[in-house]
Amino acid sequence: IVFLGAGVATQPARYRTPIETIKTLGDAIKAGDLEGAEACYVESTDLGKQFAHAYLRSAVTAQRLDMAMQSHFSAADLKGMRPSLGEQLKESYSEAKVKEQIEGDAAWLLRPGQTREQALCFRRVKGDWKVDVEKRL
């Protein structure tokens, strides 16, 4: 097994809307960029910080393993593998598949049939939209 070093830097972060933030998060995870992924989250409690770091570290580590596997195995050998979490995020939260609800400095990305309690939550911080960890804990 090959473990890759520090993640590749992603393009400048985009946080103007919740949908842009989720795309930025997907790009960071896909690039194996833990720091870039963490920049998409906001948390104010120790529990929120620990949860976000553990979750994102797991997602980025899985992506790095996927990248290592792709470099060592043929596409035929890897057929049937699930897309990376970065790709899944970008696909499941694409503009065509979600409804963006914004109220002041809070926002939700709702997939069909979801309520706000089930949706991905965001908080506006200094003009940027960030995934709000505490809303989900």
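A salt bridge is here a side-chain nitrogen of Lys or Arg within 4 Å of a carboxyl oxygen of Asp or Glu. In this predicted model, that criterion yields six salt bridges. Three residues, Arg-123, Asp-132 and Glu-134, are joined through such pairs into a network. Before these pairs are examined, the overall architecture deserves a brief description.

The protein chain contains four helices and five strands. Read from the N terminus, its elements follow the order α-α-β-α-α-β-β-β-β. The chain has 137 residues, and buried residues make up 35% of them. Among the contacts with a separation of 6 or more, 51% are between residues 24 or more positions apart.

Helix α1 offers a convenient entry point. The helix has 13 residues, which at 1.5 Å a residue should span 18 Å. The C-alpha atoms at its ends are in fact 18 Å apart, so the expected and computed spans agree. Beyond α1 comes Gly-32, whose phi is positive, near 75 degrees.

Which residues of α1 are buried? They are Pro-18, Ile-19, Thr-21, Ile-22, Thr-24, Leu-25, Gly-26, Ala-28 and Ile-29. A general property of helices is useful when reading such a list: an α-helix has 3.6 residues a turn, so residues three or four places apart point the same way.

Thr-21, which is located in helix α1, merits separate attention. Its relative accessibility is 0%, and the residue therefore counts as buried, the limit being under 20%. What surrounds Thr-21, apart from its neighbours within four places in sequence? The residues in contact with Thr-21 are Arg-14, Tyr-15, Cys-40, Phe-122, Trp-129, Lys-130 and Val-131.

Helix α1 also packs against another helix. The axes of α1 and helix α3, which comprises residues 46-72, come within 8 Å and cross at roughly 50 degrees. That angle is neither under 35 degrees nor between 65 and 115 degrees, so the two helices are classed as oblique to each other. On the α1 side, the contact is made by Leu-25, Ile-29 and Lys-30; on the α3 side, Leu-56, Ala-59, Val-60, Gln-63 and Met-67 take part. By class, the residues of this contact comprise six nonpolar, one polar and one charged. Two of the α1 participants, Leu-25 and Ile-29, also appear among the buried residues of that helix.

The salt bridges can now be placed in this framework. One of them joins Arg-14 and Asp-27, with the closest N and O atoms 3.1 Å apart. Because Arg-14 lies in the segment before α1 (18-30) and Asp-27 in helix α1, the pair ties together parts that are 13 residues apart in sequence. Both partners are partly exposed: Arg-14 has a relative accessible area of 27%, and Asp-27 has a relative accessibility of 25%. Arg-14 was also named above as a contact of Thr-21.

The network is built from two further pairs. In the pair of Asp-132 and Arg-123, the closest N and O atoms are 3.0 Å apart. Asp-132 is buried, at 4% relative accessibility, whereas Arg-123 is partly exposed, at 25%. Arg-123 also forms a salt bridge with Glu-134, the closest N and O atoms being 3.4 Å apart. This second pair links distant parts of the chain: Arg-123 belongs to strand β4 (residues 120-125), while Glu-134 lies in the segment after β5 (128-132), eleven residues apart. Arg-123 thus has salt bridges to both Asp-132 and Glu-134.

Key: Residues are numbered from 1 along each chain as its sequence is written. This is a predicted model: local features need pLDDT of at least 70, side-chain atom pairs count only at pLDDT 80 or more; totals for chains, interfaces and linings use all residues. Side-chain values use heavy atoms; hydrogens and water are left out. Buried means under 20% relative accessible area, exposed over 50%, partly exposed in between (1.4 Å probe, protein chains only). Axes are lines fitted to C-alpha atoms, for helices over the stretch in contact, and angles run from 0 to 180 degrees between N-to-C directions. Angles under 35 degrees count as roughly parallel, over 145 as roughly antiparallel, 65 to 115 as roughly perpendicular and the rest as oblique. Contact means heavy atoms within 4.5 Å. Ala, Val, Leu, Ile, Met, Phe, Trp, Tyr, Cys and Pro count as nonpolar, Asp, Glu, Lys and Arg as charged, and the others, Gly among them, as polar. The expected span of a helix is 1.5 Å times one less than its number of residues.
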